[in-house]
Amino acid sequence: MSSDRPSPEAAALDPERLPRHVAIIMDGNGRWAKQRLLNRVKGHEKGADSVRAAVKACREVGITYLTLYAFSTENWQRPKMEVDALMALLKKFLQTETEDLLTNNIRLHAIGEIDRLPDDVRQALDHVLTQTRNNDGFHLILALSYGARSEILHAARGIAAEVAAGRLSPDAIDEAQFSEKLFTCDIPDPDLLIRTSGELRLSNFLLWQLAYAEFYFTDTLWPDFGKEEFFRILADYQGRERRYGRVDPEQAS
Ligand code: IPE
Ligand code: IPE
Ligand code: MG
């Protein structure tokens, strides 16, 4: 994950109009493997290289938050063999990347029902979270056993408990207060969401936080996703006008 000299595609981007936070639904590992008559797990293994490339690309241009959907609450329903392999890969990733995270001032965050992860994976995760706690150069957020509906319910329960205890009035609940109760409380909302593999859905990802994100869907399968495509997507993003419901000042007459 060390940073190289900026590539021409990266240099062509306007540094003033970069997304602060990019979120990616990393999809298509299984189909990548199937196309090569390989086991699905091989696709997940290759996908780990694309994770490294995405982090590198963000750091090269100066994006400071990257959230990666690595495992959903629904993914627990996959065959045990695949779930076990994904957990083993996650543990290996955590162990092998720690040094790079520390060298490059990267803080790791995790969002999701972390207590559902196997003990050894949770321990490896806790270790990296603690070790990188004071880093602030770049924020890598892994969504693990993550589901947006479960996150929103968790927040609603937290708010309800405060109301029941008499510490909060229902009238005082606002968007900022609700956001505080989400797993992402210390992370700004994503500006850009990318989903690979051609699927046009959110699959229970960041339903609250993506309210005003720009969406980009690509047919590329995640193991084939690299820096060049990432930079092309960023160039596309820079051509968009984010209006937030308002009227473009030049059109307002
Ligand atoms: C994404 O790839 C990785 C996870 C969901 C863990 P998939 O495993 O969903 O790949 P496809 O969609 O079957 O190709
Ligand atoms: C979404 O991909 C979850 C992750 C990328 C981790 P899935 O492959 O699980 O989503 P569906 O089943 O196509 O909606
Ligand atoms: Mg999939």
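## Ligand 2 and its arginines

How far is an oxygen atom of ligand 2 from an N or O atom in the side chain of Arg-201? The gap is 2.8 Å. Keep in mind that this is a predicted model, and that goes for everything below.

Two other arginines also reach ligand 2. Arg-78 puts a polar side-chain atom 3.3 Å from an oxygen atom of the ligand, and for Arg-195 the distance from a side-chain N or O atom to a ligand oxygen is 3.4 Å. On its own, ligand 2 would expose 390 Å², and the protein buries 78% of that. The ligand sits in the largest pocket.

Who else is around? The residues surrounding ligand 2 include Ile-25, Met-26, Asp-27, Tyr-69, Ala-70, Phe-71, Asn-75 and Ser-203, along with the arginines Arg-78, Arg-195 and Arg-201. If you want one element to look at, go for strand 2 (residues 65-72), which supplies the largest share of this shell with 3 residues.

## Ligand 1

Ligand 1 also sits in the largest pocket. It has 13 residues around it, and the closest are Asp-27, Gly-30, Arg-31, Arg-40 and Arg-78. Arg-78 is worth a second look: an N or O atom of its side chain is 2.7 Å from an oxygen atom of ligand 1, and a polar atom of that side chain also lies 3.3 Å from an oxygen atom of ligand 2. Asp-27 turns up in both neighbourhoods too, as one of the closest residues to ligand 1 and as one of the residues around ligand 2.

There are further polar partners for ligand 1. Gly-30 uses its backbone, with an N or O atom 2.9 Å from a ligand oxygen. Arg-40 uses its side chain, where a polar atom is 2.9 Å from an oxygen of the ligand. Taken alone, ligand 1 exposes 380 Å², of which the protein buries 86%.

Helices do much of the talking here: helix 2 (29-35), helix 3 (40-61) and helix 4 (80-103) are the elements that give two or more residues to the shell around ligand 1. Helix 2 has the largest share, with 3 residues.

## Aromatic pairs

Searching the whole structure turns up 10 aromatic pairs. One of them is Tyr-146 with Phe-183, an edge-to-face pair with ring centres 6.5 Å apart and 65 degrees between the planes. This pair links distant parts of the chain: Tyr-146 belongs to strand 4 (residues 138-146), while Phe-183 is in the loop between helix 7 (175-180) and strand 5 (192-195), 37 residues away. Tyr-146 is buried, at 0% relative accessibility, whereas Phe-183 is partly exposed at 23%.

Tyr-212 and Tyr-244 make a tilted pair, 5.0 Å centre to centre with 50 degrees between the planes. Tyr-212 is in the loop between strand 5 and strand 6 (214-217) and Tyr-244 is in the segment after helix 8 (227-238), so the pair ties together parts that lie 32 residues apart in sequence. Both rings belong to partly exposed residues, with relative accessible areas of 47% for Tyr-212 and 37% for Tyr-244.

There is a cluster as well: Tyr-69, Tyr-146, Phe-183 and Phe-205 go together as one aromatic group. Tyr-69 from that cluster is also among the residues around ligand 2.

## The loop between strand 5 and strand 6

Tyr-212 isn't alone in this loop. Gln-209 lies there too, and it counts as buried because its relative accessibility is 3%. The side chain of Gln-209 makes a polar contact of 2.8 Å with the side chain of Thr-184.

Asn-204 is in that loop as well. Its phi is positive, about 65 degrees, although Asn-204 is not a glycine. Most residues other than glycine have a negative phi. At 16% relative accessibility, Asn-204 is buried.

## Other spots to check

Asn-105 is another non-glycine with a positive phi, in this case about 60 degrees. You'll find Asn-105 in the loop between helix 4 and strand 3 (106-111), where it is partly exposed at 29% relative accessibility.

Finally, look at Ala-172, in the loop between helix 6 (148-164) and helix 7. Ala-172 is partly exposed, at 39% relative accessibility. Its C-alpha atom is 38 Å from that of Cys-58, and the two residues are 114 apart along the chain.

Notes
Residues numbered from 1 in each chain as written. Chains lettered and ligands numbered in written order. Predicted model: local features only at pLDDT ≥ 70, side-chain atom pairs only at ≥ 80, totals over all residues. Heavy atoms only, no water. Phe/Tyr/Trp six-rings, centres within 6.5 Å; stacked < 30°, edge-to-face > 60°. Helix = DSSP H or I, 4+ residues; strand = E, 2+ residues; numbered from the N terminus. Buried < 20%, exposed > 50% of the residue type's maximum accessible area, 1.4 Å probe, protein only. Near = heavy atom within 4 Å. Polar contact = N/O pair within 3.5 Å; in protein donor to acceptor, adjacent residues only side chain to side chain. Areas by Shrake-Rupley, 256 points an atom, 1.4 Å probe, with all protein chains shown as cover. 1 Å grid on protein atoms, 1.4 Å probe; cavity = no way out; pocket = protein on both sides within 12 Å on 5 of 7 lines; lining within 4 Å. Sits in = over half its atoms within 2 Å of the grid points.
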